[in-house]
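These are my notebook entries on a model I went through today, written down in the order in which I looked things up.

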Amino acid sequence: MKAMILSAGRGERMRPLTDQTPKPLLKVAGKSLIEYHLERLSAAGIKQVVINVAWLGSMIREALGDGSRFGLDIAYSDEGEQALETGGGIFKALPLLGAEPFLVVSADLWTDY
């Protein structure tokens, strides 16, 4: 099974923190929000993750790389400067996700898998 992490949003409600840092990279207890998800997805047996990016997306790519340090294979779906919202972001990423069912996680929510 694959997973998609929604990470393209601007993070308006977290401004000014998100003016220079994408919301998924904001740290809680010394670790970015998205790192918690990647660790838990890997522990749950997920091995392939698609992350959509828009606002400051290059920072997310630089921080996470190919996912190997999490035991994952990360692919990125780049939405440009303007995020496509949830449905549009998932639709754009479908070629990377394939035809099988997949898990969708919001990068800025805490989830216990």
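Before I start, I fix one cut-off for myself: a residue is buried under 20% relative accessible area, exposed over 50%, and partly exposed in between. By that rule D19, at 24% relative accessibility, counts as partly exposed. I also keep in mind that this is a predicted model.

**Entry 1: the sheet.** I traced the strands and found an open sheet of 4 strands in the order β5-β4-β1-β6, with parallel pairing. I noted that β5 (73-78) and β6 (102-106) stand at the edges, and because each has a single partner strand, one side of each is left without a neighbour in the sheet. The twist that I looked up averages 25° from one strand to the next. I then turned to the pair formed by β1 (residues 2-6) and β4 (residues 48-53), which is joined in the parallel sense over 5 bridges. To have one register point to hand, I looked for the bridge partner of M4 in β4, and this is V50. Helix α3 (residues 85-97) lies across β1, β4, β5 and β6, and I recorded that α3 runs at about 145° to β1.

**Entry 2: the cores.** In soluble globular proteins, nonpolar side chains tend to be buried together. With this in mind I asked which residues of the largest nonpolar core touch the most other members. Of its 17 residues, these are I5, I34, L38, V49, I51, L64 and I74. As for where the core draws its residues from, I found that β1, α1 (33-43), β4, α2 (57-64) and β5 each supply at least two. I followed L64 further and, leaving out residues up to four places away in sequence, listed its contacts as I34, E35, L38, I51, R69, F70, I74 and Y76. Another core, of 6 residues, lies apart from the largest one, and M4, L6, I90 and A93 are among its members.

**Entry 3: a glycine in a loop.** I next looked up G67, whose place is in the loop between α2 and β5. Is G67 buried or exposed? Its relative accessible area is 0%, so I entered G67 as buried. Not counting residues up to four places away in sequence, G67 touches L72 and I74. I also checked G67 against K47, and the two are 20 residues apart in sequence while their C-alpha atoms are 9.4 Å apart in space.

**Entry 4: salt bridges.** How many salt bridges does the structure hold? I wrote down 8. R10 forms one of them with D19, with the closest N and O atoms 2.9 Å apart. R10 is at 22% relative accessibility and therefore counts as partly exposed. In another, the side chains of E12 and R15 meet at 3.6 Å, N to O. E12 has a relative accessible area of 49%, so I put it down as partly exposed, and R15, at 43%, likewise counts as partly exposed. I noted, too, that R10, E12, R15 and D19 are linked in a network of salt bridges.

Elsewhere I looked up K31 and E39, whose side chains meet in a salt bridge at 2.8 Å, N to O. K31 counts as partly exposed at 23% relative accessibility, and E39 is partly exposed with a relative accessible area of 34%.

Terms used:
Residues are numbered from 1 along each chain as its sequence is written. This is a predicted model: local features need pLDDT of at least 70, side-chain atom pairs count only at pLDDT 80 or more; totals for chains, interfaces and linings use all residues. Side-chain values use heavy atoms; hydrogens and water are left out. Two strands pair if DSSP finds at least two bridges between them. Axes are lines fitted to C-alpha atoms, for helices over the stretch in contact, and angles run from 0 to 180 degrees between N-to-C directions. Contact means heavy atoms within 4.5 Å. A nonpolar core is a set of buried Ala, Val, Leu, Ile, Met, Phe, Trp, Tyr and Cys residues joined through side-chain atoms within 4.5 Å. Buried means under 20% relative accessible area, exposed over 50%, partly exposed in between (1.4 Å probe, protein chains only). A salt bridge is a side-chain nitrogen of Lys or Arg within 4 Å of a carboxyl oxygen of Asp or Glu.
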